[in-house]
Amino acid sequence: LVRTTPEAHPDARPLREALNYMHRIAVSCAGGLRKHENQAHMWGVARRFAPPLWALLDDARRTILREGTLSKVNRRGLRDTYRFFLFSDCVAYGSALAGGKLEHHRTIRLVGYEAVAGGDHAHAFR
């Protein structure tokens, strides 16, 4: 409607203002939806640990960036597998327990670092 309304038409300006207002509302709703989805994902991650790792929910600004499985060879030469969760300000990891839960091993704060888009990866650290 805005595109087809001539500039000289008396409704042209109110239509542009209404479109701009609707755009701001849509952007605000999308941001709120992303926050809600992130919070739901955070709750899901916290509940995967036994006992639940509620400390992950302490900072409302924290967002989850990635999760994945990493392994290392231990001192006995056996491979240990861990589930890692990369957040905007920390990394948490644990190992698998019976029933699909995770035993929390450690949470490492990433003070002085920030996640940035870079290289071949969706996120990198600087």
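Biologist: Which residues of H1 are buried?

Modeller: A word on the model before I answer. It is a predicted one, where local features need pLDDT of at least 70 and side-chain atom pairs count only at pLDDT 80 or more, while totals for chains, interfaces and linings use all residues. Residues are numbered from 1 along each chain as its sequence is written, and side-chain values use heavy atoms, leaving out hydrogens and water. Now, buried means under 20% relative accessible area, exposed means over 50%, and partly exposed lies in between (1.4 Å probe, protein chains only). The buried residues in H1 are Ala 12, Gly 31, Asn 38, Met 42, Val 45 and Ala 46. Their cover includes E1 and E2.

Biologist: What do labels like H1 and E1 stand for?

Modeller: They are DSSP runs numbered from the N terminus: helices (H or I) have at least four residues, strands (E) at least two. The expected span of a helix is 1.5 Å times one less than its number of residues. For H1, with 37 residues, that should be 54 Å, and its end C-alpha atoms are 54 Å apart, which agrees.

Biologist: In what order do the strands form the sheet?

Modeller: Strands pair if DSSP finds at least two bridges between them. Here 4 strands make an open sheet, E1-E2-E3-E4, with antiparallel pairing. E1 (64-73) and E4 (102-109) are at the edges with a single partner strand each, so one side of each has no neighbour in the sheet. From one strand to the next, the twist averages 25 degrees. For such angles, axes are lines fitted to C-alpha atoms (for helices, over the stretch in contact), and the angle between N-to-C directions runs from 0 to 180 degrees.

Biologist: How many bridges join E1 to E2?

Modeller: There are 9, and the two run antiparallel. Thr 69 sits opposite Arg 83 in E2. Their hairpin has 5 residues between the strands, and there Gly 77 takes a positive phi near 85 degrees. E3 (residues 90-96) and E4 pair over 7 bridges, also in the antiparallel sense. Helix H1 (residues 12-48) packs on the sheet, touching E1, E2 (79-87) and E4, where contact means heavy atoms within 4.5 Å.

Biologist: How is a pair of aromatic rings described?

Modeller: By the distance of the centres and the angle of the planes. Rings of Phe, Tyr and Trp (its six-membered ring) pair if their centres lie within 6.5 Å; planes under 30 degrees apart count as stacked, over 60 as edge-to-face and the rest as tilted. This structure holds 4 aromatic pairs. In one of them, Tyr 82 and Tyr 93 have ring centres 5.7 Å apart and planes at 90 degrees, so they are edge-to-face. Phe 84 and Tyr 93 are stacked, at 4.6 Å centre to centre with 10 degrees between the planes. Ring pairs link Tyr 82, Phe 84 and Tyr 93 into a cluster.

Biologist: Which residues make up the largest nonpolar core?

Modeller: A nonpolar core is a set of buried Ala, Val, Leu, Ile, Met, Phe, Trp, Tyr and Cys residues joined through side-chain atoms within 4.5 Å. The largest has 12 residues: Met 42, Val 45, Phe 49, Leu 53, Leu 56, Leu 57, Ile 64, Phe 85, Phe 87, Cys 90, Ala 92 and Leu 102. H1, E2 and E3 are the elements that give it two or more residues.
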